[in-house]
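User: Hi! I am new to this structure and would like to learn how to read it feature by feature. Could you walk me through it?

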Amino acid sequence: MEKRKSRIFLILSLVICGCFFLYLLITGREEYYDKNARRFAAIICTGGYYWEDIQAGIQAADLELGTATEYMQYQKFDTGQQLELLEQAQYMKVDGIITIGEPNSGEIDAKIAQLQEKGIPVVLIDEDSKKSGRECYIGTDNYEAGKMAGEKLSAAMDGKADILVVLSKLDAR
């Protein structure tokens, strides 16, 4: 009987502490954001050195425009994680989302189209996904960039070279 009372007390204590920390988490965030500021989510894949530059650019825009951006990261171009984060951003009621397109994923395209229909504009960077109905794409046409690089390298080597291409993922175009 004594063990049961101890367990119940422990469980109740943990629940109360959990509720208290959740309360602090929710109310503490409001101190950092202007409630009237437009809020965005940047859902990016970690690991690339260039994401630091992109994040710095977004932070500079936040300061200049008086907006607030929440950074949500996933690893290794994981479609499942990206879908989860897009869903979380939707529930956060953000005013817009910045993320990476995934032209080979009907699931990502469908989620982006759904967000657009709900009035949450989605801007794609780094990789486009035209079928998604995204607001716009900001980035490089990787096919054209690769073609130009190949042509320049071939010309520099007088057409006599073995070329190694390193990709970030196997289905990259």
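Analyst: Happy to! Let us begin with burial: of the 173 residues in the chain, 25% are buried. Please keep in mind that this is a predicted model.

User: What does the accessible surface of the chain come to, and how much of it belongs to carbon and sulfur atoms?

Analyst: The total is about 12,500 Å², and carbon and sulfur atoms account for 57% of that.

User: How many helices and strands does the chain have, and what pattern do they follow along the sequence?

Analyst: There are 5 helices and 5 strands. Going along the sequence, you meet them as α-β-α-β-α-β-α-β-β-α.

User: What can I learn from contacts between residues that are apart in sequence?

Analyst: Take the contacts between residues at least 6 apart in sequence: 61% of them join residues at least 24 apart. I43 makes a good example to look at. This residue sits in strand β1, which covers residues 39–45.

User: Is I43 buried or exposed, and which residues does it touch?

Analyst: I43 is buried, because its relative accessible area is 0%, and the cut-off for buried is under 20%. Setting aside residues up to four places away in sequence, I43 touches M72, Y74, Q82, L85, L86, A89, I97, I98, T99 and I100. One of these contacts, Q82, is 39 residues from I43 along the chain, yet their C-alpha atoms are separated by 7.4 Å.

User: Now for charges. What is the idea behind a salt bridge, and how many does the structure hold?

Analyst: The general idea is that side chains of opposite charge can pair when their charged atoms come close. This structure holds 2 salt bridges. In one of them, the side chains of K111 and E87 meet at 2.5 Å, N to O. That pair links distant parts of the chain, with K111 in helix α4 (residues 106–117) and E87 in helix α3 (residues 79–91), 24 residues apart.

User: Are K111 and E87 buried or partly exposed?

Analyst: They fall on two sides of the cut-off, since buried means under 20% relative accessible area. K111 has 7% relative accessibility, so it counts as buried. E87 has 26%, so it counts as partly exposed.

User: Which side chains meet in a salt bridge at 2.8 Å?

Analyst: Those are R134 and D128. D128 lies in the loop between β4 (122–125) and β5 (136–138). With a relative accessible area of 15%, D128 is buried, whereas R134 is partly exposed at 22%. The two side chains also make a polar contact at 2.8 Å.

User: Which residues is D128 in contact with, leaving aside neighbours within four places in sequence?

Analyst: D128 is in contact with G101, E102, P103, R134 and Y137. So its salt-bridge partner R134 appears in the list as well, given that contact means heavy atoms within 4.5 Å.

User: Let us turn to the backbone. What should I look for in phi angles?

Analyst: Most residues other than glycine have a negative phi, and most peptide bonds are trans. That makes positive values worth a look. K93 is not a glycine, yet its phi is positive, at about 60 degrees. K93 lies in the loop between α3 and β3 (96–100) and is exposed, with a relative accessible area of 67%.

User: What is the phi of D126, and where is this residue placed?

Analyst: D126 has a positive phi of about 75 degrees, and it is not a glycine either. Its place is in the loop between β4 and β5, and at 26% relative accessibility D126 counts as partly exposed. D158, just after α5, also takes a positive phi, of about 55 degrees.

User: How many residues does α5 have, and what does it reach from its first C-alpha to its last?

Analyst: α5 has 15 residues and reaches 21 Å, close to the 21 Å expected at 1.5 Å a residue.

User: Which residues form a nonpolar patch on the surface?

Analyst: L153, M157, I163 and V165 form it, with about 370 Å² of accessible area together. M157 is in the segment after α5 (142–156). With a relative accessible area of 41%, M157 is partly exposed.

Definitions and conventions: Residues are numbered from 1 along each chain as its sequence is written. This is a predicted model: local features need pLDDT of at least 70, side-chain atom pairs count only at pLDDT 80 or more; totals for chains, interfaces and linings use all residues. Side-chain values use heavy atoms; hydrogens and water are left out. Patches are made of residues with over 30% relative accessible area and no salt bridge: like charges are joined within 9 Å, nonpolar side chains (Val, Leu, Ile, Met, Phe, Trp, Tyr) within 5 Å. Accessible areas come from the Shrake-Rupley method with a 1.4 Å probe; for residues, only the protein chains shown count as cover. A salt bridge is a side-chain nitrogen of Lys or Arg within 4 Å of a carboxyl oxygen of Asp or Glu. Helices (H or I, at least four residues) and strands (E, at least two) are DSSP runs, numbered from the N terminus. Buried means under 20% relative accessible area, exposed over 50%, partly exposed in between (1.4 Å probe, protein chains only). A polar contact is a pair of N or O atoms within 3.5 Å; within protein, one must be able to donate a hydrogen and the other to accept it, and residues adjacent in sequence count only if both atoms are side-chain atoms. The expected span of a helix is 1.5 Å times one less than its number of residues.
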